[in-house]
Every structure is written in C-alpha cells, then in structure tokens.
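Subject: Structure handover and pocket analysis

Dear colleague,

I am passing on the structure we discussed, and my notes on its pockets come after it. Please read them alongside the coordinates.

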Amino acid sequence: MNSAEPASGSTGAGRRRPARPGGLPLARFLARRLVAAALLCVGITLVAFVLTQLVPGDPAAANLGQRAIGDPAAVAAFRAKYGLDKPVPVQYLTYLGNVLQGNFGMSQQSHRPVAQDLAEYVPATIELALFAIVLSLLVGVALGVVAAVNRDRWPDQVLRVVSLGGVSMPTFWVALVAFYLLFFKFGLLPGGGRLDPGMNPPPYATGFYTIDAALAGEWDVLSSAAGHLVLPSLVLAVYTVGMLMRFTRASVLEILGNDYVRAARAKGLPERVVILRHVLRPAMVAIITVAGVAFGSLLSGAVLVENIFSWPGLGQYAYRSAVNLDLPGIMGVSIVVAAVYILINLLVDLLYGVIDPRIRLT
Amino acid sequence: MGALLEVEDLTVWLATRRGPRMAVDGLSFQVGSGEIFGIAGESGSGKTMTAMALLGLLPHAARTSGKAVFEGRDLLSMSARQLRAVRGRRIAMVSQDPSTSLHPMLSIETQLTEHMRHHLGLGRSEARGRAVELLATVRIPDPEQALGAHAAQFSGGMRQRIAIAVALACEPRLLLADEPTTALDVTVQAGILRLLHRLRAERELAVVVITHDLGVLSAVADRICVMYGGRTAEVGPRENVLTRPRHPYTRGLLDALPHPEGGAAALRPIPGSPPSLGEVPEGCPFHPRCGYAVPDCRTERPAPVLVEPGHASACPPDPLGGIA
C-alpha cells in the first residue's frame with residue numbers, strides 16, 4: 001500500500017464567480033422578461049384583430065334594426081362611422097394606435113367607450129379570481145403538504161379522494177349546489193352581486209370594492225364586499241384547490257427524496273422547519289407554475305360563475321359582447337385577458353427568481 | 001481513549017417489496033473520543049445504512065436491533081425527539097456529494113446558522129459571527145462574503161468544506177463522514193482529508209469515515225473496519241489491516257488498488273460482485289468470491305476473532321496468517 005499522505009499547500013479550486021447579490025444579472029433578467037412581455041402584447045392585438053375579421057357575421061346586421069338594415073344608406077353610414085369601409089391593415093393600425101392611447105373604441109352594445117366598460121368589469125373579475133387563487137394556494141398547498149408527508153397513510157388516501165372530487169366536479173354543478181345550500185337553504189352567505197342590495201359602491205379608485213372601501217374607510221361596505229366574494233370564489237377555488245393539492249403532493253414527494261433534505265434532518269432541525277424551509281421552497285417552483293396556469297383557468301371559469309352569482313364582471317361582459325357580435329367589446333376583452341395572462345407569466349418568472357437564486361445569478 | 005461510541009451487534013432490516021431484508025448483520029465496533037475510524041466496503045456492504053441507523057435516519061419501515069451507546073445513551077432506543085437533540089448537536093453528518101447535500105436555494109448563512117440557533121439558542125448576530133469563524137476554520141476565503149452566497153457559486157471542494165463547516169457548527173463530538181471525498185478530484189480529496197485530520201486534533205472530534213476506497217483510509221484512519229455483506233470482515237489498527245491483512249476480502253481490496261509503480265496490469269479485481277440486499281449467501285458471505293474458501297466456509301458463519309492485539313478477522317481458516 002502506497003499511502004499518499006496529503007500534499008501540502010492550498011487545495012481545492014477557488015470560488016467560480018464572485019458573489020453578486022442582486023446587481024446586474026437581476027436587472028438583465030427583468031429587462032429581458034419585460035421586453036418579451038411588451039412584444040407579446042402587440043402580437044396579441046394582431047391575433048385578436050385577425051380573428052374578429054375571420055368571424056362570419058356582419059356587425060351592421062347585428063347592430064342595426066330590421067328597418068335600417070334594408071336601407072343601404074343607413075348601412076353605409078354605420079360602416080363609415082366605425083371605419084369598417086377602410087382596408088383591413090389600415091383598420092388594424094388605427095385600432096392599434098387607439099389602443100395604445102387607451103381607446104378601445106365604442107361598444108356597439110352598451111354605447112359606451114369599451115375602455116370605460118373594461119375599467120368597471122375587469123377589476124370585478126380580477127378581484128374575484130385573486131380571492132379564489134389566494135384561497136386555493138392556502139388550502140391546496142397546505143393539504144398537498146399534509147398528503148405528501150403522510151404518504152400512503154389515511155390522510156393521504158382521504159385527501160386523494162378530495163382532490164379528485166375537486167378536479168372532476170363540473171364548476172356549474174358546484175356553483176348550483178353551493179348556491180342552493182349556502183345561500184338559499186341555510187342563508188350562511190350572501191347570494192349574488194358584489195354588495196348588499198341598496199348599498200352604494202365605494203368611490204372608484206382601483207375598481208376592487210374591498211380595496212376602494214378600505215381606502216374610503218367605509219367598513220360596512222368592505223365587510224359586505226368581502227362577504228359577497230366568499231361564495232363565488234369558493235366555487236371557483238374548488239377545481240384549483242384539487243389541482244394545486246395534487247401538484248403540491250407530487251412536488252413535495254420529489255423534493256423529500258433529495259440529499260439536502262436528509263442533510264437538514266441530520267442537523268436535528270424540527271420536522272416543521274425541514275418541511276417549511278428546506279422542502280416547501282424548492283417545491284414552490286412547480287407550485288407557482290401550476291398556480292399561474294390555474295389563474296388563467298379561473299378567468300375562464302369566471303364566465304359561468306359570474307352568470308350564476310350575478311357578478312358584474314368580465315365574464316358577463318364577454319358573453320354579452322360575443323352574443324351581440326360587439327367587435328370592439330370582444331377585442332377589448334381578448335386583449336385584457338391576454339394581457340392578464342402575460343402579466344401572470346411575468347410574475348411567475350419573477351417569482352422563480354425570488355425562490356431560486358440560481359435563476360437570478362445566471 | 002475511552003469509547004465515545006460503542007456499537008454492539010447492530011442489525012438493520014430494510015423493508016423491500018419482498019419483505020424485510022437484512023442490510024447490516026450483527027455489526028460491532030467502538031470509536032474512541034478523538035479517533036478517526038474508517039469503515040470500508042463495496043456498495044451494498046451496509047456501511048451507509050450503519051451511519052443512517054446511528055442518526056435515526058433510516059428509510060421508513062426499517063428496523064434495527066442491537067445497541068449503539070453514544071456518550072452513555074443508546075441511540076437505537078431513543079425517541080424521535082431525543083434523537084433530534086443529538087443529531088447535528090452531538091453527532092453530525094457530512095455526506096458524499098456536496099452539490100446535492102447543500103441546499104441549492106438557501107444562503108450559506110442560513111444553512112450554517114439555523115441549527116446553531118436551534119440547538120444552542122444563539123441570536124442572529126452571534127450565530128453569524130460563529131459562522132464566519134467556522135468558514136475561516138475550513139479555509140473558505142472571504143467568509144463574510146461567502147455567507148451571502150449560495151452553494152452553486154462554489155467549486156466542489158469548497159462546497160465540501162462548507163458542508164464540513166455546517167457539520168461542525170454545534171461542536172459535535174462525533175462526525176459521520178459518508179464518502180466525504182468520493183465526488184471530488186484527487187487533489188481536492190487530499191485537502192479535505194487533511195482538514196479532517198486537523199479538526200480531529202484541534203477539537204478532539206471523533207470521525208467515522210465511510211468509504212469504498214482504502215486509499216482514503218490509509219491517509220487518515222487510526223483504525224479500520226472492513227465490511228462485507230453487512231458483516232465485519234476485518235477490524236484493526238490501520239497499519240495492521242493495510243500491511244498485514246488477515247481476511248482474503250481485505251487482501252482483494254488492496255490488490256484492486258492502483259499502485260504508482262505498477263501499470264494497469266497490476267490491478268487485480270475481485271472476481272464476481274458483492275451480494276445484493278437480502279441475497280447474502282449462507283456461511284461466510286464472501287466464500288463464493290474467495291480463492292481460499294474451504295468447505296466449512298459454505299456453512300459456518302464466522303465471527304471476528306482476534307488474530308493479534310486489537311486486530312480481528314472473520315476468517316477462521318486464516319490462509320493469510322502465515323504470509324504476514
């Protein structure tokens with residue numbers, strides 16, 4: 001045996017890169033994401049515009065009365081008024097220019113500027129969806145962790161059924177059952193609308209009734225607005241809770257197998273700390289990805305739920321615009337929904353950077 | 001040198017699809033305070049499971065029997081809560097690959113201070129001050145700045161130094177180092193081994209080095225235990241085991257090591273492969289691969305017996321006895 005005693009002198013390679021907490025890489029990361037998001041927004045307007053061109057149906061026919069439609073002069077006047085007589089590329093550029101100035105055109109259905117409609121309806125839906133996603137994250141992640149930690153034991157089995165039920169029950173059915181039980185039968189929660197009947201909305205600042213009421217110090221309005229949020233957001237959250245629970249469980253189980261979790265346990269840390277600090281943080285990367293997608297599904301799920309709970313939001317507006325072939329309305333809705341999606345994706349990307357320093361630093 | 005850790009007849013069963021299988025079979029050894037004790041063996045010999053059993057970190061549904069008395073208390077009969085108070089505080093672990101055992105998303109400061117704050121009740125700034133000292137002890141340049149960095153910003157050798165600093169944070173008496181140098185380059189290995197050697201001297205720290213590489217143990221270990229099939233093949237002082245091995249398996253491991261003066265031709269592999277979990281043969285577990293096996297080896301399960309003071313071998317025919 002030729003025992004090589006360790007050589008003297010310094011050993012071990014040096015640090016690869018000096019630590020730069022924050023600094024340039026983060027700024028570049030942010031800038032890249034923002035530019036991509038802006039380009040995507042412009043692209044969305046183009047797609048929305050082209051799609052509305054492809055839709056069969058004549059806006060004049062949909063919006064003029066029976067008598068006017070038989071009068072070529074009236075039709076021509078209608079088309080000239082809304083610029084429908086110009087070449088399509090010109091129509092698009094005009095539209096894009098207007099949108100950039102916050103002008104989405106006049107709604108042919110409400111006879112108000114689309115921007116004004118959106119300012120009223122969008123916050124209602126976002127408020128609802130935000131409430132639902134926060135609720136889903138709290139409940140879904142907590143239950144998912146419980147299921148993973150108790151893998152294959154009874155809490156896991158019970159929660160598996162719960163999550164499967166959550167993702168398989170159709171939203172309209174959940175909505176009807178919840179409405180019947182919690183409002184009609186037991187009267188535990190207010191049924192429809194954003195406020196108690198007869199109550200005036202708080203002065204407009206953000207369009208979120210809860211925030212506006214808090215800003216104005218109208219506490220009774222705040223409590224009424226929050227109370228009205230509970231039932232529809234609960235219904236919306238049923239599906240996302242189930243989905244987030246399943247993904248959290250899978251993600252936590254995967255992380256639990258890592259060496260660094262064993263290392264954390266070898267340090268004698270309480271299991272609670274091991275799970276919350278060492279396991280949940282890396283698991284959140286997958287969870288927020290799913291939550292971002294789930295938020296999108298909440299927006300589309302809102303169309304139905306808003307109708308059932310008479311929630312004056314984007315879903316109802318989109319539905320009315322589509323039925324009346326209100327092109328400015330449809331395009332406004334499309335662009336706003338797409339922008340929300342892009343914003344959510346941007347947020348998810350930024351959260352990756354917050355959770356995982358390796359993304360920030362490379 | 002009083003025994004800090006006394007393992008007696010440690011047996012570990014792991015749960016498999018086909019029922020419990022024995023991974024460690026009646027292992028006994030002692031580690032003195034301030035001693036570097038090497039456990040050598042191929043993969044599957046039960047060496048890692050031995051360390052996990054001592055820490056109470058065996059996989060779910062694993063069972064143990066026997067005793068592992070550490071500082072007068074039996075680790076194997078402790079409650080989860082009692083074990084947590086020992087883990088990281090009195091017994092610490094360094095594992096094989098620092099690129100996976102350090103948390104990729106937590107700062108070095110968090111990983112170095114969280115257990116100090118938990119076990120020793122230190123405040124944030126106090127723990128931070130000790131973390132800086134620890135990083136200096138393991139020779140990390142610019143410790144202050146390193147605290148704010150993350151594992152990915154360091155090289156493999158530096159990561160293992162940090163992992164050792166993490167293990168040392170609460171001034172444990174015993175360090176379990178499971179393949180501490182396997183994932184590292186040879187030159188970096190030497191530095192880590194020197195570090196372990198120095199720490200043992202400075203802190204009267206006992207170290208159990210678990211490895212498949214007798215070369216590593218030849219550099220640092222005071223005593224060596226060679227494991228095969230979950231059992232002790234041979235145990236004794238480093239010099240005795242490495243220069244006068246009495247068990248054919250130890251001989252085989254030594255012959256399989258590269259020598260600087262011999263080329264590749266000088267390497268003599270042990271024929272066959274180690275038994276997998278639950279398929280340890282009857283009799284001496286090594287007999288199917290042993291060139292010296294006699295009929296008794298197939299039926300008699302040998303226990304280690306002293307062949308000279310402090311040096312025991314589990315090979316009753318003792319074919320190497322005359323060679324030394």
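What follows covers the conventions and then the two pockets.

This is a predicted model, in which local features need pLDDT of at least 70 and side-chain atom pairs count only at pLDDT 80 or more, while totals for chains, interfaces and linings use all residues. Residues are numbered from 1 along each chain as its sequence is written, chains are lettered from A and ligands numbered from 1 in the order in which they are written, and side-chain values use heavy atoms, with hydrogens and water left out.

The largest pocket (on a 1 Å grid over the protein atoms alone, an open set of points where a 1.4 Å probe fits, with protein on both sides within 12 Å along at least five of seven lines) has a volume, meaning the space filled by probe spheres set on points joined across faces, edges and corners, of about 1300 Å³. Its lining (residues with an atom within 4 Å of a point) comprises 36 residues, and those closest to the centre are Arg265(A), Leu57(B), Leu58(B), Pro59(B) and His60(B). By class, this lining has 20 nonpolar (Ala, Val, Leu, Ile, Met, Phe, Trp, Tyr, Cys and Pro), seven polar (the others, Gly among them) and nine charged residues (Asp, Glu, Lys and Arg).

The second largest pocket holds about 650 Å³ of space, and of its 25 lining residues Phe49(A), Tyr82(A), Gly83(A), Leu84(A) and Gln91(A) lie nearest the centre. Its lining has 12 nonpolar, nine polar and four charged residues.

Best regards
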